[in-house]
Amino acid sequence: MNFSRRETLGLGLGAMALTILPMGASAATVDELIAEFTGGADMADTGVTLTAPEIAENGNTVPISVEAEGASEIMVLATGNPTPPVGTFKFGPLAGSRSASTRIRLATTQEVVAIAKLEDGTFARTSAEIKVTIGGCGG
């Protein structure tokens, strides 16, 4: 099977377009992610503790920790990142503490949101504004 230069270029551009299109089509907004996690339920403003630095000198590694007494799940979102979901931490009934800590990457100064699903089916939310001096997502 022989391909001309023009056909090879066309196939290459078509393949590249197919790999890029699904990525943009599947991107969800922060509000959609929150609605999916909570099922549209109301959220209390107390009950979740998010510990994060006010200023992060380097966005490549920003330490955070979240804690919610009686939580079965905690979802963390970075609202200004190209991909907002940071992680969802799930806790079983025998978990000693309902807390998690990690290091995240932040592109720019932005709000980090933590939403906890409590064992009684209610939801609680908190957020923190983190100022980033050097972006971690290619910025």
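**Three residues and their surroundings**

In this predicted model, the side chain of asparagine 81 places a polar atom 2.7 Å from the backbone oxygen of arginine 105. Asparagine 81 sits in the loop that links strand S5 (71–78) to strand S6 (85–90). Although it belongs to a loop, asparagine 81 has a relative accessible area of 11% and therefore counts as buried, since the limit for that class is under 20%.

Strand S5 itself offers a second residue to visit, glutamate 73. Here the relative accessible area is 19%, so glutamate 73 is also classed as buried. Leaving aside residues up to four places away in sequence, glutamate 73 touches Phe37, Thr88, Phe89, Lys90, Phe91, Ile115, Ala116 and Lys117. Another residue to look at from this position is serine 99, which lies 26 residues away from glutamate 73 along the chain. The C-alpha atoms of glutamate 73 and serine 99 are 9.7 Å apart.

The last stop is at the surface, where Met1, Phe3 and Leu11 together make a nonpolar patch of about 410 Å². Phenylalanine 3, one of these contributors, belongs to the segment that precedes helix H1 (5–25). Its relative accessibility is 46%, so phenylalanine 3 is described as partly exposed; that class covers values between the buried limit of 20% and the exposed limit of 50%. By contrast, asparagine 81 and glutamate 73 are both buried.

Conventions: Residues numbered from 1 in each chain as written. Predicted model: local features only at pLDDT ≥ 70, side-chain atom pairs only at ≥ 80, totals over all residues. Heavy atoms only, no water. Patch = residues over 30% accessible without salt bridge, like charges linked within 9 Å, V, L, I, M, F, W, Y side chains within 5 Å. Areas by Shrake-Rupley, 256 points an atom, 1.4 Å probe, with all protein chains shown as cover. Salt bridge = Lys/Arg side-chain N within 4 Å of Asp/Glu carboxyl O. Helix = DSSP H or I, 4+ residues; strand = E, 2+ residues; numbered from the N terminus. Buried < 20%, exposed > 50% of the residue type's maximum accessible area, 1.4 Å probe, protein only. Polar contact = N/O pair within 3.5 Å; in protein donor to acceptor, adjacent residues only side chain to side chain. Contact = heavy atoms within 4.5 Å.
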